[in-house]
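Subject: Structure handover

Hi,

Here is the structure I promised you. Please open it first, then read my notes below.

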Amino acid sequence: MPRPDLFSLCAHALARVHAPSQCEVCRQWCGEGKEVGSALCADCVARFATPLSRCRRCGLRTGLTTPACGACLRAPPPFENTVCVADYGFPWDRLIADFKFEGRAELAGMLAARLHAAWLQAPRPQAGTPAVSLVLPVPLSATRLSERGYNQAWELARRVAARAMLPARPDLLQRPWDTAHQADLNRAARQQNLRSAFMVDPRLRPVLAGQRVALVDDVMTTGATVREAAAVLLRAGAAAVDVWVIARTDDHNGDD
């Protein structure tokens, strides 16, 4: 397994600093003893971040934990596992919107803390299955990055990677040109919109070769974005791809 870089080690150490913080949902003080970036009180974690039974492959809520739901059995996605914190709804819809569109980059720490906890609580891979060894964000195009000022997926990815003591790379998977907003499109149009949207830097393919990759994003809806990105990573030499997201929804109102 690759050794974590110096940034990841330092970020992990900083994440363990204790300080009082205010819950982002109910606004009660969490008090000392909570980690910086974990600004959800115990009550709100129990109420809004309790693990639910899901399809292990795509993350859809199923009522029971299964290796794959019916849809994934019929048409397996190119990624093998999905980890998510919660269904897309209150309070995650507001928190993600504030983080993504309102410049509240400071929410990345709290969201990454919940994603790391969800990963720790997720079913472990079968014996003999390689563990995740590299964390990548779903990239933004240069135009979208300039508009937003930061890539929310990278802000999550680098923080959750630091907590998991894994290396993270923002430069390996790229989005060389802009595409229409996914939220404005139906399922078929989303898939067409993303065709050829991603690429792997050819000079960095040796970094990817044989790795099990965790692909990080904020929300998964139809799965079109992570399907296309995962397929590109596999063609470029990745051994397997997992998906880590904050929220999962089965309607068409999100961005993925």
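Start with strands S2 and S5. S2 covers residues 134-137, and four bridges join S2 to S5. The two strands run parallel. Keep in mind that this is a predicted model.

Two of the pairings are easy to find. Leucine 134 has valine 213 as its bridge partner in S5. Proline 137 stands opposite valine 216 in S5.

Now look at the two faces of S2. In a regular strand, side chains alternate between the two faces of the sheet. In S2, Leu134 and Leu136 are on one side, while Val135 and Pro137 are on the other. All four are buried, so both faces of S2 are covered, with buried meaning under 20% relative accessible area.

Next, move along to S5 itself. S5 spans residues 212-220, and nine of its nine residues are buried. Eight bridges join S5 to strand S6, residues 240-248. This pair also runs parallel. How does the chain get from S5 to S6? It passes through helix H10, residues 224-235, in a right-handed β-α-β crossover.

The S5 valines also pair with S6. Valine 213 has valine 241 as its bridge partner in S6. Valine 216 stands opposite tryptophan 244 in S6.

Put the strands together and you get the sheet. It is an open sheet of four strands, in the order S1-S6-S5-S2, and the pairing is parallel. Which strands stand at the edges? They are S1, residues 81-87, and S2. Each has a single partner strand, so one side of each is left without a neighbour in the sheet. Neighbouring strands are turned by 20° against each other on average, direction ignored.

A helix lies across this sheet. H5 lies across S1, S5 and S6, and runs at about 125° to S1. H5 takes in residues 107-121, which makes 15 residues. From its first C-alpha to its last, H5 reaches 22 Å, close to the expected 21 Å. H5 is mostly covered, with 13 of its 15 residues buried.

One residue deserves its own stop: glutamate 24. You will find glutamate 24 in the loop between helix H1 (6-15) and helix H2 (42-48). Is glutamate 24 buried or exposed? Glutamate 24 is buried, because its relative accessible area is 10% and the cut-off for buried is under 20%. Its side chain makes a polar contact with the side chain of arginine 104, at 3.2 Å. Glutamate 24 also touches other residues farther along the sequence, including Ala39, Leu40, Arg94 and Leu95. Leu107 and Met110 are among the residues it touches too.

Finally, the whole chain. It has ten helices and six strands. Of its 256 residues, 51% count as buried. Take the contacts between residues at least 6 apart in sequence: 71% of them join residues at least 24 apart.

A good place to begin is S5, with S2 joined to it by four bridges and S6 by eight.

Best wishes

Terms used:
Residues numbered from 1 in each chain as written. Predicted model: local features only at pLDDT ≥ 70, side-chain atom pairs only at ≥ 80, totals over all residues. Heavy atoms only, no water. Expected span 1.5 Å × (residues − 1). Buried < 20%, exposed > 50% of the residue type's maximum accessible area, 1.4 Å probe, protein only. Pairing = 2+ DSSP bridges. Right-handed = clockwise from strand over helix to strand, strands pointing away. Polar contact = N/O pair within 3.5 Å; in protein donor to acceptor, adjacent residues only side chain to side chain. Contact = heavy atoms within 4.5 Å. Axes fitted to C-alpha atoms, helices over the stretch in contact; angles between N-to-C directions. Lists of a residue's contacts leave out its neighbours within four places in sequence.
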